[in-house]
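Biologist: I have a new model open and a list of labels I would like to understand. Could you go through the reasoning with me?

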Amino acid sequence: MTADVSLAAGDPGSDAGEPRWLDAEEQQAWRAWLYSAQLLLDRLDRELTHATGISHAYYEILVALSETEGRMMRMSELADRCLSSRSRLSHAVSRLEERGWVRRQVCPDDGRGQLAVLTDDGFAALEAAAPVHVESVRTHLFDQLSPQQVAAMRDLGETLLRHLGTR
């Protein structure tokens with residue numbers, strides 16, 4: 001939504017209860033970023049699923065596990081890492097278990113928590129899917145940007161990560 005932004009919250013004379021509406025340029029920037037990110041993620045998911053049978057969400061779970069010591073992670077930490085609810089992650093891990101790519105085991109530290117463990121078959125599936133994924137990322141993102149835009153994208157991402165932190 002746009003509205004008159006002549007008085008933003010915090011400006012002298014503004015009503016602190018009023019929203020700080022986006023101006024036309026901010027609205028265009030927001031919509032371009034939002035829609036392009038959604039389209040990119042949709043394209044990556046479709047191409048990866050079509051070529052490998054692995055959805056982008058499942059791929060990210062496999063990647064997260066592959067990057068940890070022993071290729072295992074507490075289910076709660078994995079949910080946080082994948083920006084997923086615990087129930088959604090549990091369902092995804094169940095599907096990955098059916099494929100033999102992940103197994104669960106009791107956490108030896110406390111006996112209550114569960115670990116998701118990437119199996120050798122899961123790692124092999126990830127290795128086979130990685131070239132498809134990286135080519136899609138290169139084709140649909142990096143090949144479309146100049147080196148200056150890539151640097152700006154990194155700066156923007158790092159700024160937002162510092163602000164938003166982790167869940």
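What follows is a chat about how some labels on this predicted model are reached.

Biologist: Let's start wide. How many helices and strands does the protein chain have, and which pattern do they follow?

Modeller: The protein chain has six helices and three strands. Along the sequence they come in the pattern α-α-β-α-α-β-β-α-α. Of the 167 residues in the chain, buried ones make up 25%.

Biologist: Why is serine 55 called buried?

Modeller: Its relative accessible area is 19%. Buried means under 20%, so serine 55 gets the label. Serine 55 sits in the loop between helix 1 (24–52) and helix 2 (56–66). Beyond its neighbours within four places in sequence, serine 55 is in contact with Asp45, Leu48 and Thr49.

Biologist: What makes the pair of serine 55 and tyrosine 58 a polar contact?

Modeller: A polar atom of the serine 55 side chain lies 3.1 Å from the backbone nitrogen of tyrosine 58. The cut-off is within 3.5 Å, so the distance fits.

Biologist: Now threonine 119: buried or exposed?

Modeller: Threonine 119 has 16% relative accessibility, so it counts as buried. Its place is the loop between strand 3 (114–118) and helix 5 (120–140). A polar atom of its side chain is 3.0 Å from the backbone nitrogen of glycine 122. Not counting residues up to four places away in sequence, threonine 119 touches Arg71, Gly100, Trp101, Val102 and Arg103.

Biologist: Arginine 71 is in that list. Why is arginine 71 called partly exposed?

Modeller: Its relative accessible area is 22%. Buried would need under 20% and exposed over 50%, so arginine 71 is partly exposed. Arginine 71 lies in the loop between helix 2 and strand 1 (72–74).

Biologist: What makes the phi of arginine 71 worth a remark?

Modeller: Arginine 71 has a positive phi of about 55° although it is not a glycine. Most residues other than glycine have a negative phi. Leucine 83 also has a positive phi of about 55° without being a glycine. Leucine 83 is found in the loop between helix 3 and helix 4. With a relative accessible area of 62%, leucine 83 is exposed, because the label needs over 50%.

Biologist: How do you know that the length of helix 4 agrees with what is expected?

Modeller: Helix 4 covers residues 86–98, which is 13 residues. At 1.5 Å a residue they should span 18 Å, and the end C-alpha atoms are 18 Å apart, so the two values agree.

Biologist: And how do you know that the buried residues of helix 4 line one face?

Modeller: They are Leu89, Ala92, Val93 and Leu96. Seen down the helix axis, they fall within an arc of 100°, so they line one face. On the other side of helix 4, Ser87 and Glu98 are exposed. The buried residues pack against helix 2, helix 3 (75–81) and strand 2 (102–106).

Biologist: Which residues touch the most other members of the largest nonpolar core?

Modeller: Ile54, Leu62, Leu65 and Leu78 do, in a core of 24 residues. Helix 2 gives the largest share of this core, seven residues. In soluble globular proteins, nonpolar side chains tend to be buried together. Leaving aside neighbours within four places, isoleucine 54 is in contact with several residues, including Leu62, Trp101 and Ala125.

Terms used. Residues numbered from 1 in each chain as written. Predicted model: local features only at pLDDT ≥ 70, side-chain atom pairs only at ≥ 80, totals over all residues. Heavy atoms only, no water. Helix = DSSP H or I, 4+ residues; strand = E, 2+ residues; numbered from the N terminus. Buried < 20%, exposed > 50% of the residue type's maximum accessible area, 1.4 Å probe, protein only. Polar contact = N/O pair within 3.5 Å; in protein donor to acceptor, adjacent residues only side chain to side chain. Contact = heavy atoms within 4.5 Å. Expected span 1.5 Å × (residues − 1). Arc of directions from axis to C-beta. Core = buried A, V, L, I, M, F, W, Y, C linked by side-chain atoms within 4.5 Å.
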